[in-house]
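Colleague: Got a minute to go through this structure with me? I'd like to start with the charged pairs.

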Amino acid sequence: MTASHSDSLVVLFGATAGAYGAKLGSDERELILLVWQVVDLQNKKVGTLHKSLVKADNLDLSDQCREVSGLTPEGLSKAEPLDRVLQQFSQLVSSDLKVLGRSSYTLCSDGQLLIRQVLHPETSKKNYLLSDCFYSFYDLRKEFHTCYPSSAAVKDQTIKTMAEYLGLGTDEAEEDFGVWQVKTMVAIIFSMLSEDHVFTEPETVKHKYETGPCSKSETVDSETVIRARGLPWQSSDQDIARFFKGLNIAKGGVALCLNSQGRRNGEALVRFVNSEQRDLALERHKHHMGSRYIEVYKATGEEFLKIAGGTSNEVAQFLSKENQVIIRMRGLPFTATQEDVLGFLGSECPVTGGKEGLLFVKYPDGRPTGDAFVLFSCEEYAQNALKKHKEILGKRYIELFRSTAAEVQQVLNRYMSTPLIPTLPTPIIPVIPPPYTIATGSIRDCVRLRGLPYTAGIDDILEFMGDATGDIKPHGVHMVLNQQGRPSGDAFIQMKSADKAFMVAQKCHKKMMKDRYVEVFQCSGEEMNFVLMGGTLNRSGLSPPPCKLPCLSPPAYAAFQTAAVIPAEAAALYQPQALLPSTRTPQASAAAPPAVTYYPAQAAQLYMNYTAYYPSPPVSPTTVGYIAAPPGAVAAAATATHTPILPQPGALVRMQGLPYNTGMKEILSFFQGYQYAPDDYNGLIQLSDQARSVLQAPKEWVCL
């Protein structure tokens with residue numbers, strides 16, 4: 001039993017199977033020893049001194065532990081496990097208090113490491129319940145420095161230095177390990193009591209992490225923030241708080257970081273109540289969360305505010321209800337209403353405040369994103385909601401995840417702060433792309449490289465090709481990137497003839513590049529083009545591309561990414577290539593005008609609405625989205641090149657998420673009031689009938 005002004009102290013000392021002293025608990029080793037004694041502060045009496053060995057799951061003791069403590073694995077193997085020792089501790093302390101005629105007590109330890117870095121983390125991992133007495137304690141080093149201000153700084157204090165300062169003549173070698181430490185601590189406390197020192201302000205450990213909003217106007221001390229990296233993607237703020245169990249995290253101080261697609265990236269910024277707690281958190285670098293080790297680094301207050309800070313009044317009002325469990329819903333139908341969501345959740349998981357406990361995420365123009373956040377008043381209701389993960393609402397399955405106040409702010413900030421279509425600078429200069437195109441047809445004059453190292457570049461491929469480099473067509477090397485813009489390990493090379501492609505495939509197949517062997521297959525331009533459109537090419541033949549075609553547009557809205565920028569000096573290397581050729585007309589193909597793209601004036605930067613498929617320069621062309629230009633610029637380009645130009649500037653638009661039964665009539669009706677090219681969309685992509693049939697599936701359309 002404890003009280004804010006206790007009449008007794010329980011002096012506590014412990015050791016682990018690993019590091020000792022200032023590094024106690026930093027190596028994540030288990031507790032193996034507890035020694036304690038009750039001290040009556042009023043009558044200056046003591047109870048019985050108790051020493052208990054603790055049986056750890058891993059009895060492999062470090063050399064330092066063996067040398068300092070004198071303990072052996074054989075002796076520890078006969079000890080009781082930690083949960084039994086903690087039960088004995090409570091029983092024996094209660095018994096000693098009765099003997100001394102006292103009713104309340106507070107722990108007193110040498111520093112904070114034993115309580116914060118050993119007992120709390122270990123019991124949390126083993127799912128043991130610590131009694132309330134372990135959430136309040138006195139740090140003897142701080143109390144000593146308060147009583148004796150001329151003594152050494154708190155961080156430099158040890159039991160031995162405090163005893164030497166007081167001139168206590170105790171011999172460490174005469175007592176067992178742990179016993180000497182407790183007896184000396186008791187003697188130090190009695191010396192402090194003789195100086196009329198009063199123990200009034202104990203250190204506290206928070207029982208529970210408190211959620212709450214954070215405003216961008218707040219001032220966050222950079223000495224209180226850390227970055228945790230390597231978190232499981234499904235981890236919540238409560239999981240992170242549990243990882244840092246024993247340390248006091250500031251209210252709303254856990255901010256999960258999101259990637260450019262709005263999904264968690266395995267990192268979090270954590271804000272502690274003071275720099276002392278932050279320094280203890282840094283000692284948990286590479287401690288484990290489940291089977292994964294977590295890296296812990298210093299971070300800044302600016303980084304925390306960038307992730308967790310918000311300015312929206314709507315979000316502030318939503319998060320104003322404290323100690324709520326937040327659940328994120330993803331994949332909602334765009335037509336879903338508050339009533340639909342409440343009906344989906346049902347009566348077994350009532351939402352706090354009904355409709356007021358729902359927050360729909362929208363784009364700046366008011367369109368829904370399919371995301372929403374929901375508040376629940378207790379863990380039970382939240383667990384019931386999570387059981388509905390991937391259940392159907394309308395015709396779509398809904399994903400449900402634990403979320404945080406910082407994630408709410410971050411998602412809303414990302415969707416609302418960036419316009420969907422960046423503003424283009426003016427004036428703009430037309431640039432006519434060169435006449436080369438990505439090959440099509442059934443002639444097998446291409447090769448596919450599979451299994452490339454992810455660090456491989458154009459130079460590595462040319463070196464890999466050896467003498468066959470001279471047989472590559474101009475701009476004929478195409479690196480395939482995935483939807484995240486990273487190398488996929490594949491590349492296509494256009495050779496000058498089918499014979500050259502056959503020779504390369506025979507000569508270079510399973511040849512080593514760096515530390516990996518690379519497979520080389522002969523293929524046709526049609527097959528190459530089909531794979532670049534998002535399909536797959538394997539032994540079974542062609543597989544249709546997925547709905548999201550990486551060569552057309554990214555998988556996320558522009559609000560989640562920075563507009564692509566190409567510096568002026570690199571413009572010559574990034575000449576745009578019309579992967580989607582200009583629209584065909586019923587007349588002869590020779591009459592079809594070439595595509596025109598536009599760069600900003602003064603050759604400063606190129607802004608694009610979408611990130612398209614990027615073969616690696618300078619060997620390969622780059623596909624870019626078309627940007628509208630003033631009629632005067634188009635006329636100037638036509639005059640300069642004496643080449644027929646499109647009568648009106650055009651723009652590519654991609655429609656994603658359409659119902660499967662959508663037809664041309666519905667598309668045209670959707671764009672009613674806007675001017676569009678009257679040509680049939682079949683002329684946009686020059687592919688075989690098999691490839692075109694996949695692209696014509698009414699899930700995604702590309703319009704010019």
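Modeller: Let's go through salt bridges, then one helix, then some backbone angles.
Modeller: Keep in mind that this is a predicted model.

Colleague: How many salt bridges does a search of the whole structure find?

Modeller: The search finds 32. One of them joins the side chains of Arg 116 and Glu 203, at 3.7 Å from N to O. That pair links distant parts of the chain, 87 residues apart. Arg 116 sits in helix α4, residues 113–125. Glu 203 sits in strand β7, residues 203–204.

Colleague: Is Arg 116 buried or exposed? And what about Glu 203, buried or exposed?

Modeller: Arg 116 is buried, at a relative accessible area of 1%. Glu 203 is buried too, at 18%. The cut-off for buried is under 20%, so Glu 203 falls inside it.

Colleague: OK, next pair. Which residue does the side chain of Glu 399 meet in a salt bridge?

Modeller: Arg 330, with an N to O distance of 3.2 Å. Glu 399 belongs to strand β17 (residues 396–403) and Arg 330 to strand β13 (residues 325–330), so the salt bridge ties together parts 69 residues apart in sequence. Both Glu 399 and Arg 330 are buried.

Colleague: And Asp 460, what does its side chain pair with?

Modeller: Lys 514, in a salt bridge of 3.7 Å, N to O. Asp 460 is in helix α15 (residues 458–465), while Lys 514 is in the loop between β22 (511–513) and β23 (516–523), so this pair ties together parts that are 54 residues apart in sequence.

Colleague: Why does Asp 460 count as partly exposed?

Modeller: Because its relative accessibility is 23%, and partly exposed covers what lies between under 20% and over 50%. Lys 514 is also partly exposed, with a relative accessible area of 49%.

Colleague: Which residues are linked in a network of salt bridges?

Modeller: Glu 30, Asp 57, Glu 122 and Lys 126 form one such network.

Colleague: Switching to helices. Which residues of α13 are buried?

Modeller: Ala 382, Asn 384 and Ala 385 are the buried ones in α13, which spans residues 379–386. Looking down the axis of α13, these buried residues fall within an arc of 160 degrees, so they line one face of the helix.

Colleague: What covers them?

Modeller: The cover over the buried residues of α13 includes strands β13 and β17. It also includes α12 (338–345) and β15 (368–376). You've met β17 and β13 already: Glu 399 lies in β17 and Arg 330 in β13.

Colleague: Back to Asn 384. What does it touch, leaving out residues up to four places away in sequence?

Modeller: Asn 384 touches Glu 348 and Cys 349. Asn 384 has a relative accessible area of 18%, so it counts as buried.

Colleague: Last topic, backbone. What is phi of Lys 44 near?

Modeller: Phi of Lys 44 is near 55 degrees, a positive value in a residue other than glycine. Lys 44 is in the loop between β2 (31–40) and β3 (45–46). Its relative accessible area is 43%, so Lys 44 is partly exposed.

Colleague: And Lys 510, what's phi near there?

Modeller: Near 65 degrees, again positive in a residue other than glycine. Lys 510 is in the loop between α16 (498–508) and β22.

Colleague: Thanks, that covers my list.

Key:
Residues are numbered from 1 along each chain as its sequence is written. This is a predicted model: local features need pLDDT of at least 70, side-chain atom pairs count only at pLDDT 80 or more; totals for chains, interfaces and linings use all residues. Side-chain values use heavy atoms; hydrogens and water are left out. A salt bridge is a side-chain nitrogen of Lys or Arg within 4 Å of a carboxyl oxygen of Asp or Glu. Helices (H or I, at least four residues) and strands (E, at least two) are DSSP runs, numbered from the N terminus. Buried means under 20% relative accessible area, exposed over 50%, partly exposed in between (1.4 Å probe, protein chains only). The arc is that of the directions from the helix axis to the C-beta atoms. Contact means heavy atoms within 4.5 Å.
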